[in-house]
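Welcome! Take a moment to look over the sequence and the model, and then let us walk through them together.

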Amino acid sequence: MQQTASSFGGQWNLLFASEFALSAAIALGVFGLIGFFCYRYRRRSPFEVPTRPLRRNVFMEGGWIVIPTILALAFFVWGAILYFRMSTPPRDAETIYIVGRQWMWKAQQPNGAWENDELHVPVGQPVRLLMTSEDVIHSFYVPAFRVKEDVLPGRYTQTWFNATTPGRYILECSEYCGVYHSQMRGRVIVMEPKAYAAWLGTAGSESSAAAIGQRLFHDYGCINCHNPDGHGPAPSLVGLYGTEVRLENGQTVTADESYIRQSILDPASQVVYGFRPIMPSFNGKISEEQILDLIAYIKSQKNPEQPPISKTPGTLPNRSDGSP
Ligand SMILES: [Cu+2]
């Protein structure tokens with residue numbers, strides 16, 4: 001068994017060991033009975049014929065349909081619960097961006113530092129990975145964490161883990177991606193939070209991902225249309241992240257990372273209600289890393305604190321201009 005260094009490792013191992021134990025027990029039972037029956041009911045003389053007719057045992061036949069079905073369903077439910085927990089990052093998880101490409105892994109820390117074939121994370125803190133690929137399909141695999149998730153070009157996938165033991169762990173690509181697929185390896189370096197903070201300080205980044213994104217927001221001219229105060233030809237992006245956006249075609253979508261990415265690369269596919277589709281596509285003009293930085297910037301622009309809404313029934317919150 002591989003070493004285990006994440007919060008899910010133990011539960012994953014238990015599920016795997018239980019399935020293995022059950023399969024082994026069934027296999028041994030079946031082969032044991034085959035051997036036993038071969039001996040017990042062997043033909044003792046060339047002229048031997050059965051003395052009594054075969055009878056059907058309904059309980060036995062029902063039993064070997066019902067019991068394995070219940071066992072299989074129990075494992076299905078157990079596995080599904082664990083799977084959903086492993087694929088839903090907790091809200092307080094820190095997001096690290098991963099970009100895969102032939103044949104290396106790039107990771108961007110929250111402070112903007114990019115690293116190649118290395119991923120530094122703090123111990124005991126949930127880390128969410130938002131991942132995409134620049135070329136073909138890769139798969140982000142850290143055996144010691146029991147974490148494996150495909151990394152696809154043209155969209156975001158995510159996974160998360162909570163590392164439990166400081167150390168260095170192998171990170172590899174587990175989706176055949178070309179000639180040097182086998183060399184697409186890196187290392188996850190799990191550090192004590194203090195050492196991680198110190199490492200971040202020396203990681204050689206002058207600005208955070210959001211600050212890089214802010215610069216790009218100016219360089220690419222987004223600011224010319226997207227005025228933060230909401231005036232102009234385009235919606236303000238302040239407080240956009242996580243909200244529900246109404247589109248021209250009547251649909252409502254959640255403004256998550258995938259939505260923002262698609263808005264940048266293919267704006268015409270999701271036109272915001274009440275706006276004209278004048279935004280140019282940035283497809284081919286902007287790298288995946290830059291899109292991630294723009295997203296970090298848009299996420300960092302939160303709405304100013306909303307005034308608390310009165311809980312008394314019947315009273316409506318006042319409109320900001322004071323009119324009734
Ligand atoms: Cu790969």
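## Three domains

A good place to start is with the domains: the centres of domain 1 and domain 3, taken over C-alpha atoms, are 56 Å apart. The domain assignment places domain 1 at residues 9-87, domain 2 at 94-201 and domain 3 at 209-300. Please keep in mind that this is a predicted model.

## Overall form

How many helices and strands does the protein have? There are seven helices and twelve strands. With a radius of gyration of 28 Å, well over the 20 Å that the globule rule gives for 324 residues, the protein is more spread out than a compact globule. Measuring along the principal axes, you would find that the C-alpha trace spans about 100 × 55 × 40 Å.

What share of the 324 residues is buried? Buried residues make up 35% of them. The exposed area of the protein comes to about 20200 Å², and 60% of that is supplied by carbon and sulfur atoms. If you take the contacts with a separation of 6 or more, 64% of them are between residues 24 or more positions apart.

Charge is worth a glance too. The protein has 28 positive and 28 negative charges, and the mean positions of the two sets are 13 Å apart.

## Turning points between strands

Now look at some loops between strands. Strand 1 (94-101) and strand 2 (104-108) have a loop between them, and Trp103 is found there. The peptide bond that joins Gln102 and Trp103 is cis, with omega at about -5°.

Two other loop residues have a positive phi without being glycine. One of them is Asp117, with phi near 55°; its place is in the loop between strand 3 (114-116) and strand 4 (118-122). Arg146 has phi near 60° and sits in the loop between strand 6 (138-142) and strand 7 (147-151). Are these residues buried or partly exposed? Asp117 counts as partly exposed, at 26% relative accessibility, whereas Arg146 counts as buried, at 10%.

## Helices 4 and 5

Next, find helix 4, which covers residues 209-219 and holds Leu216. Leu216 has a relative accessibility of 10%, so this residue counts as buried. Which residues does Leu216 contact, beyond its neighbours within four places in sequence? They are Cys222, Gln290, Asp293 and Leu294. For a sense of distance, Leu216 and Ala268 are 52 residues apart in sequence, and their C-alpha atoms are 21 Å apart in space.

Helix 5 takes in residues 222-225, and Ile223 is found in it. Ile223 has a relative accessible area of 24%, so it is partly exposed. Not counting residues up to four places away in sequence, Ile223 touches Phe217, His218 and Pro228. Between Ile223 and Pro267 there are 16 Å from C-alpha to C-alpha, with the two residues 44 apart in sequence.

## Helix 7 and the loop before it

Gln270 lies in the loop between helix 6 (257-265) and helix 7. Is this loop residue buried or exposed? Gln270 is buried, with a relative accessible area of 13%, which falls under the 20% cut-off. Its contacts, once neighbours within four places in sequence are left aside, are Leu247, Tyr259, Gln262 and Ser263.

Follow the chain into helix 7, residues 288-300, and you will come to Ile291. At 1% relative accessibility, Ile291 counts as buried. Setting aside neighbours within four places in sequence, Ile291 is in contact with Tyr156, Arg261, Ile264, Leu265 and Ile286. Among these partners, Arg261, Ile264 and Leu265 have numbers that fall in helix 6 (257-265), and Tyr156 has a number within domain 2 (94-201). Ile291 itself has a number within domain 3 (209-300).

To finish, compare Ile291 with a residue from the other end of the domain list. Gly9 is 282 residues away from Ile291 along the chain, and the C-alpha atoms of the two are separated by 33 Å.

Technical notes: Residues numbered from 1 in each chain as written. Predicted model: local features only at pLDDT ≥ 70, side-chain atom pairs only at ≥ 80, totals over all residues. Heavy atoms only, no water. Helix = DSSP H or I, 4+ residues; strand = E, 2+ residues; numbered from the N terminus. Rg over C-alpha atoms; globule rule 2.2 N^0.38 Å. Buried < 20%, exposed > 50% of the residue type's maximum accessible area, 1.4 Å probe, protein only. Contact = heavy atoms within 4.5 Å. Areas by Shrake-Rupley, 256 points an atom, 1.4 Å probe, with all protein chains shown as cover. Lys, Arg positive; Asp, Glu negative; His and termini not counted. Charge placed at Lys NZ, Arg CZ, Asp CG, Glu CD. Domains from an automatic or database assignment.
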